[in-house]
Amino acid sequence: MKVLMLNGSSHINGTTFTALNEIGKALNNEGIDYEIFQIGADAVRDCIGCNQCTPDGCAYTKDNVNEFIAKAKEADAFVFGTPVYYAHPSGRILSFLDRVFYSSSKTFAFKPAASVAVARRGGTVASFDVLNKYYGISQMPVVSSTYWNNVYGLSLIHISEPTRLQLIS
């Protein structure tokens with residue numbers, strides 16, 4: 001089994017990456033492989049509903065959306081991580097996921113997924129909710145936890161169980 005994780009932050013080795021990496025360690029302990037896909041800091045075009053999608057994904061090819069879609073076809077499950085900016089997910093991850101799911105939603109159907117929202121203060125609940133809507137619309141089972149996968153702080157200390165992150169600030 002392979003889990004494809006998406007780092008929706010422009011900070012490649014920031015707090016969102018750290019949270020995803022900790023989840024990856026827990027997955028590895030269970031014998032599950034993972035890969036973290038970096039959206040990165042380059043511009044991400046939003047979906048314009050042009051209906052020019054191809055079998056490979058989005059007709060617009062000047063970013064890494066289609067590269068993610070190709071990897072998603074081979075993945076068995078997903079974890080999407082976003083930093084929280086102004087009480088909602090980053091615009092970068094929303095533009096990215098709008099194009100991914102608009103052009104290739106069948107790629108994700110019936111594959112389980114989880115979300116992680118990383119904030120310094122607030123907005124994680126709204127961000128978590130927004131990311132999970134992609135799953136419901138695309139017939140993806142949502143992987144639940146003992147509580148919502150919300151991460152607070154600037155540094156991740158440890159993980160107490162595979163689906164529950166804890167931070168100490």
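**Nonpolar cores.** I began with the largest nonpolar core of this predicted model. This core has 24 residues, and I noted those with the most contacts inside it: Leu6, Phe68, Phe78, Phe80, Phe96, Leu97 and Phe108. I then listed the elements that give two or more residues to this core: the strands β1 (2–7) and β3 (77–85), and the helices α2 (65–74), α3 (91–104) and α4 (124–137). Of these, α3 gives the most, with 5 residues.

I looked up Phe96 individually. Leaving aside neighbours within four places in sequence, I found Phe96 in contact with Leu6, Phe68, Phe37, Ile39, Val44, Asn64 and Val65. Leu6 and Phe68 also stand among the residues with the most contacts inside the core.

I recorded a second, separate core as well, with 15 residues, including Phe17, Ala19, Leu20 and Ile23.

**Helix α1.** I next turned to α1, residues 15–29. I listed its buried residues as Thr16, Phe17, Ala19, Leu20, Glu22, Ile23, Gly24, Ala26 and Leu27. Phe17, Ala19, Leu20 and Ile23 are thus entered both here and in the second core.

I also checked the length of the helix. At 1.5 Å a residue, its 15 residues should span 21 Å, and the end C-alpha atoms are 21 Å apart, so the two values agree. After α1 comes Gly31, for which I noted a positive phi, near 80 degrees.

**Cysteines.** How many disulfides does the structure hold? I found 0. A disulfide is a covalent bond between the sulfur atoms of two cysteines. I looked up Cys53, which is in no disulfide; the nearest cysteine sulfur is that of Cys50, 6.1 Å away, whereas a disulfide requires sulfur atoms within 2.5 Å. Cys53 is partly exposed, because its relative accessible area is 36%.

I made a corresponding entry for Cys58. Cys58 is in no disulfide, and its nearest cysteine sulfur, that of Cys50, is 6.1 Å away. Is Cys58 buried or exposed? I entered Cys58 as buried, because its relative accessible area is 11% and the limit for buried is under 20%.

**Arg92.** My last entry concerns Arg92, which lies in helix α3. Its relative accessible area is 23%, so I recorded Arg92 as partly exposed. Arg92 and Ser10 are 82 residues apart in sequence, yet their C-alpha atoms are 8.0 Å apart in space. Leaving aside neighbours within four places in sequence, I listed the contacts of Arg92 as Gly8, Ser9, Ser10, Ile39, Gly40, Ala41, Asp42, Ala43 and Val44. Ile39 and Val44 appear in the contact list of Phe96 too.

Definitions and conventions: Residues are numbered from 1 along each chain as its sequence is written. This is a predicted model: local features need pLDDT of at least 70, side-chain atom pairs count only at pLDDT 80 or more; totals for chains, interfaces and linings use all residues. Side-chain values use heavy atoms; hydrogens and water are left out. A nonpolar core is a set of buried Ala, Val, Leu, Ile, Met, Phe, Trp, Tyr and Cys residues joined through side-chain atoms within 4.5 Å. Buried means under 20% relative accessible area, exposed over 50%, partly exposed in between (1.4 Å probe, protein chains only). Helices (H or I, at least four residues) and strands (E, at least two) are DSSP runs, numbered from the N terminus. Contact means heavy atoms within 4.5 Å. The expected span of a helix is 1.5 Å times one less than its number of residues.
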